[in-house]
Amino acid sequence: MTTSTDHDIKVLNTLIETTIDSAEGYGEAAKDAENTRYAATFQARAAERRQVAQRLQQQVRSLGGNPEDDGTVLAKAHRMFVELRAKMSSKDDTAIVDEVERGEDHIKHKYEDALKDNDVSAGTRSAINEAYVSVKNGHDQMRDLKHALHGS
């Protein structure tokens, strides 16, 4: 039988993987961006996501678990594909922002699903909610940037 602590650790580790993926995705976007202002924004978001992952890792440790310290295999495969595609065709900043914004939709939904999980403890829900504030801000910033670039 699994305990609520086991469930909390599993939920948190899933979010840690996704958050690390997001930080690495922002890092790649910063390298690819032509506009230095976008590159700086992406670098700042990458650093912020690493801090969010560290806070969630600390929560896992406080529950007696071993926190994830790496992203998902799927994200690594996706990054390799993105890097290959980038080498084959030059990406403009609009395409990069579109890619980042798609990733932001993914992470936002992961956090929202975790917040709807009635089996997580109050302490874990609080940690997830605190991290979600940062995730939602990042999502909204990239959504607004995408709309501005597309003129909508």
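Two residues are said to be in contact when heavy atoms of theirs lie within 4.5 Å. With that in mind, this briefing on a predicted model looks at how helix H2 packs with helix H5, and then at one buried residue from each helix, namely Gln 57 in H2 and Thr 124 in H5.

**The pair of helices**

- Helix H2, which covers residues 36-62, packs with helix H5, which covers residues 122-150, and their axes are 10 Å apart.
- The angle between H2 and H5 is about 165 degrees, and because angles over 145 degrees count as roughly antiparallel, the two helices are described as roughly antiparallel to each other.
- The crossing of H2 and H5 is left-handed, and the contact of these helices, sorted by class, has 10 nonpolar, 9 polar and 5 charged residues.

**Gln 57 in helix H2**

- Gln 57 has a relative accessible area of 11%, and since buried means under 20%, this residue counts as buried.
- A polar atom of the Gln 57 side chain lies 2.7 Å from the backbone oxygen of Glu 68.
- When neighbours within four places in sequence are left aside, Gln 57 is in contact with Ile 16, Ile 20, Pro 67, Glu 68 and Asp 69.

**Thr 124 in helix H5**

- Thr 124, which is found in helix H5, has a relative accessibility of 0% and therefore counts as buried.
- With neighbours within four places in sequence again left aside, the residues in contact with Thr 124 are Asp 8, Leu 12, Gln 59 and Leu 63.

Notes:
Residues numbered from 1 in each chain as written. Predicted model: local features only at pLDDT ≥ 70, side-chain atom pairs only at ≥ 80, totals over all residues. Heavy atoms only, no water. Axes fitted to C-alpha atoms, helices over the stretch in contact; angles between N-to-C directions. Helix = DSSP H or I, 4+ residues; strand = E, 2+ residues; numbered from the N terminus. Parallel < 35°, antiparallel > 145°, perpendicular 65-115°, else oblique. Left-handed = near helix turned anticlockwise from the far one by under 90°. Nonpolar A, V, L, I, M, F, W, Y, C, P; charged D, E, K, R; others polar. Buried < 20%, exposed > 50% of the residue type's maximum accessible area, 1.4 Å probe, protein only. Polar contact = N/O pair within 3.5 Å; in protein donor to acceptor, adjacent residues only side chain to side chain.
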